[in-house]
Amino acid sequence: MAEHRKVRKAVVVGAGPVGCLSAIALAKQGWHVEIYEGRPDLRLPSSKSAAQQRSINLAISARGITALQAIHPGASDRFLRAAIPMRGRMIHDVQGNQDSQAYDRNGQSINSIDRALLNEDLLEEAVAVPNIKIFFNHKIVNIDFDARHMSVKDETARELRVAFDLCIGADGSYSVVRRQMMRVVRMDYQQTYIPHEYLELRMPAGLPNPVDGEPTFLLDPNHLHIWPRHSFMLIALPNKDKTFTCTLFAPTTEFERLKTREITLKWFKSNFPDALPLIGEEALLRDFEKNPRSALITVKASPYHYKDRAIILGDAAHSMVPFYGQGLNCGLEDVRVLDLLLRQHQVDPALQFGVGQEDARLARALHVYSETRYEDLIAISELAMANYTEMRHSVTTPLYRFRKAMDNILYSLTAHQVMPAVISPGPTPATDPFPTKRPSGWLPLYTMVTFRPDIGYATARRESRRQAQVLQYATWASTAVAVGTVAITCINLWRRFRALRSAA
């Protein structure tokens, strides 16, 4: 009988999309993987109602799709079949007029997908991998990274000791792994609550189609609908069952004003007159009373790793506000970048190390991740916050429309190709997760961030700033030409007037 090859064990804390994809990536490289999740199995019927309390639809785009395809080809195709493509924003003004703004001149789209559906599917994929085990209702008590073990309480409150060789923290904004790492790492850490909150509402499906009897959408399903109101906004994303998940983002002070049903209805009628009849007055009031108001938080940290023992990914490392739709995509991209670095540094899970020993290759891979990923993660966190201002205010201004038009004209004139949304590691992985350091031609910031996984977030921001200077110059030049034209016209009119007076 052949002797089994002994391999090391990685523990992944958190069974969300980032945790599941991390586990699959490590398992494919040969690690034994155990996932520990403090909550119950979300696939169980008893977990469904709790999951519905927090269900901002996820917008998956090229970066997330690329990560899925790189780690687990085939799974992304199935996810996209369950998603609805949104090819642009639909802006609703106070009078109910609608204005479609395409995301990309080539018709590329972001995709609305149900959070629970994506998470459940990734859980199923992870469960199907032979060298992955998942433990639900297991809460982390503490972690000794140097001794390579952690204390875990199971659903009976019994405390277990779990040994590991590598710990992946994918346990969200309030990460236990990050908190435990801060005991042994000189980690720069910043947690910020913005003075805004969000509340979820539901827009029902429309009447059945007379042809096939199927429900219909009350709004165009291939847009992300936005009601921008300067200091607050309402958005709506489509679901497969023909409903829309609506999310109201507003300052906490604005929410505090809505103390009674009468005030709430009056406020909604005044600000969202076309959305209210679609949601329904009673449904709106019920959601206001039943659904929780949730905080918006940003988390910044550095470094993301400790020696060869641990690393944090996703929201545990860089929680961001949801206004660029990159939270999920960025977290999945974290996994792709880490997977590539582990392969590049030829980390071998079959090599064994004692308690006091260090895997130099693994330590180097984690160090390079912290060093190279930081600038990108800070960039997208700040871009996400800036995009909130754009979504709730700038999209309605003439200056924004002018710059957007200039952006698209220059894009059309100079952009000759769009990179494919697949960057697969393959048998001989690429040497750089983001090979395009200076894009050829003119690319709008949104295109670089959302549709170009070959461009890092920081590169996209730098390139955008250079392009913004050009657009600023174009704005000044256009204004100067307009002013000059008016001035010349006025001078000519005055001369004509004086000539007529002299003739008289």
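## Working through strands and helices

Three strands, in the order β9-β10-β11, make up an open sheet with antiparallel pairing. Strands here are DSSP runs (E, at least two residues), helices likewise (H or I, at least four residues), and both are numbered from the N terminus. Two strands count as paired if DSSP finds at least two bridges between them.

This is a predicted model, where local features need pLDDT of at least 70, side-chain atom pairs count only at pLDDT 80 or more, and totals for chains, interfaces and linings use all residues. Residues are numbered from 1 along each chain as its sequence is written, and side-chain values use heavy atoms, with hydrogens and water left out.

**Exercise 1. Find the edge strands of the open sheet β9-β10-β11, then look at how β10 meets β11.**

Step 1: Look for strands that pair on one side only; these edge strands are β9 (139-144) and β11 (159-163).

Step 2: From one strand to the next, the twist averages 25°. Such angles run from 0 to 180 degrees between N-to-C directions, and axes are lines fitted to C-alpha atoms, for helices over the stretch in contact.

Step 3: Go to β10 (residues 149-153), which pairs with β11 in the antiparallel sense over 5 bridges. Ser151 is a handy landmark, with Arg161 of β11 opposite.

**Exercise 2. Work out which strands pair with β15 (residues 233-238), and whether β15 is buried or exposed.**

Step 1: Start with β14 (residues 224-228), joined to β15 by 4 bridges and running antiparallel to it. Trp227 has Leu234 in β15 as its bridge partner. The two strands form a hairpin with 4 residues between them, and in the turn His230 has a positive phi of about 70°.

Step 2: Now take β16 (residues 244-251), which pairs with β15 in the antiparallel sense over 6 bridges. Here Pro238 is partnered by Phe244 of β16. This hairpin has 5 residues between the strands, and Lys242 takes a positive phi near 75°.

Step 3: Check burial (buried is under 20% relative accessible area, exposed over 50%, partly exposed in between, with a 1.4 Å probe and protein chains only). Met233, Ile235 and Leu237 are buried on one side, and Leu234, Ala236 and Pro238 on the other. With 6 of the 6 residues buried, β15 is therefore largely enclosed by the rest of the structure.

**Exercise 3. Trace the partners of Arg89 in β5 (residues 88-92).**

Step 1: β5 is joined by 5 bridges to β6 (residues 98-102), which runs antiparallel to it, and Arg89 stands opposite Gln101 in β6. Gly96, in the turn of this hairpin, has a positive phi of about 90°.

Step 2: β5 also pairs with β14, in the parallel sense over 3 bridges. In β14, Arg89 has Leu224 as its bridge partner.

Step 3: All told, 5 of the 5 residues of β5 are buried, so this strand is largely enclosed by the rest of the structure.

**Exercise 4. Describe how helix α3 (residues 62-71) packs against helix α12 (residues 327-344).**

Step 1: Get the geometry: the helices pack at an angle of about 35°, with axes 8 Å apart.

Step 2: List the contact (heavy atoms within 4.5 Å). Residues of α3 including Arg63, Ala67 and Ile71 meet a set in α12 that includes Leu332, Val335 and Asp339.

Step 3: Consider burial: 10 of the 10 residues of α3 are buried, so α3 is largely enclosed by the rest of the structure.
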